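Colleague: Please take me through the reasoning behind the labels assigned to this structure. I should like each term set against its criterion.

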Amino acid sequence: MKLMFASDIHGALPACQRVLEIFAASDAQWLIILGDVLNHGPRNALPEGYAPAQVAEQLNAVASRVIAVRGNCDSEVDQMLLSFPITAPWQQVLLPEQRLFLTHGHLYHPEKLPPLGLSDVLVFGHTHIPVAEQRGDIFLFNPGSVSIPKGGYPASYGMLDGEQMRVHNLENHDVIAQVCITP
């Protein structure tokens, strides 16, 4: 299974368009959006190309291939613009021998874990900082932010291809972080 992960779009149209270009060329089955889709929130500056209604329109074109969770900047008003559900605080993707627990990162995160089994993967956003690592019996994966990167990292997205989870630079696709999630 091949999956693409994007987090913290925050209404940035150029970042959204780049994500959708990469998704179209990737052969990924699903685009997983880890919250903070349309709004930038009071703690962030307006991202370049802030156009939430146009971002919604672009994402709606691939709505049947999106799995999304609610971020701390997402609201019911945002849901009114989107053709795919964004109000779930978490989702799960079941792999043959483990699961991906998808969440934004403000409710569940590495310091406050949900109930996870052996080799499960906590997939989260919120911090805008890429992570791909094994911690004890579980894995942690954060694709960073496509629009407002932090910690000196570039804008980034994630991919799961087989057992490899990688965070890639949004512009040049260089690998920023990776982990093999072999159970």
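Colleague: Why is the contact of aspartate 120 with arginine 99 called a salt bridge?

Modeller: A salt bridge requires a side-chain nitrogen of Lys or Arg within 4 Å of a carboxyl oxygen of Asp or Glu. In this predicted model, the closest N and O atoms of aspartate 120 and arginine 99 are 2.8 Å apart, therefore the pair qualifies under the 4 Å limit. The pair links distant parts of the chain, 21 residues apart: arginine 99 is in strand S5 (99–103), and aspartate 120 is in the loop between S5 and strand S6 (121–123). Helices (H or I, at least four residues) and strands (E, at least two) are DSSP runs, numbered from the N terminus.

Colleague: On what basis are residues numbered, which confidence limits apply, and which atoms enter the side-chain values?

Modeller: Residues are numbered from 1 along each chain as its sequence is written, and side-chain values use heavy atoms, with hydrogens and water left out. As the model is predicted, local features need pLDDT of at least 70 and side-chain atom pairs count only at pLDDT 80 or more, whereas totals for chains, interfaces and linings use all residues.

Colleague: What makes aspartate 120 and arginine 99 buried or exposed?

Modeller: Buried means under 20% relative accessible area, exposed over 50%, and partly exposed in between (1.4 Å probe, protein chains only). Aspartate 120 has 7% and is therefore buried; arginine 99, with 17%, is buried as well. In the loop between S5 and S6, serine 119 also counts as buried, at 8%. Serine 119 touches Gln98, Asp137, Phe139, Thr182 and Pro183, not counting residues up to four places away in sequence; contact means heavy atoms within 4.5 Å.

Colleague: How do you know that Arg18, Glu21 and Glu171 belong to a network?

Modeller: Arginine 18 meets glutamate 21 at 3.2 Å, N to O, and forms a salt bridge with glutamate 171 at 3.9 Å. Both values satisfy the criterion, so the three residues are linked through salt bridges. Glutamate 21 and arginine 18 lie three residues apart in helix H1 (residues 13–26), about one turn of the helix. Arginine 18 is buried at 18%, glutamate 21 is partly exposed at 48%, and glutamate 171 is exposed at 54%.

Colleague: Why is strand S9 described as largely enclosed?

Modeller: Five of the six residues of S9 (residues 156–161) are buried, so the rest of the structure largely encloses this strand.

Colleague: What makes S9 and S10 a pair?

Modeller: Two strands pair if DSSP finds at least two bridges between them. S9 and S10 have six, in the antiparallel sense, so they meet the criterion. Within this pairing, methionine 159 has arginine 166 in S10 as its bridge partner. S9 also pairs with strand S1 (residues 2–6), again in the antiparallel sense, over four bridges.

Colleague: Which residues have the most contacts inside the largest nonpolar core?

Modeller: A nonpolar core is a set of buried Ala, Val, Leu, Ile, Met, Phe, Trp, Tyr and Cys residues joined through side-chain atoms within 4.5 Å. The largest has 32 residues, and those with the most contacts inside it are Met4, Leu31, Ile33, Leu59, Phe84 and Val146. H1 gives the most to this core, with seven residues. A second, separate core of 21 residues includes Ile67, Leu95, Ala132 and Leu160.
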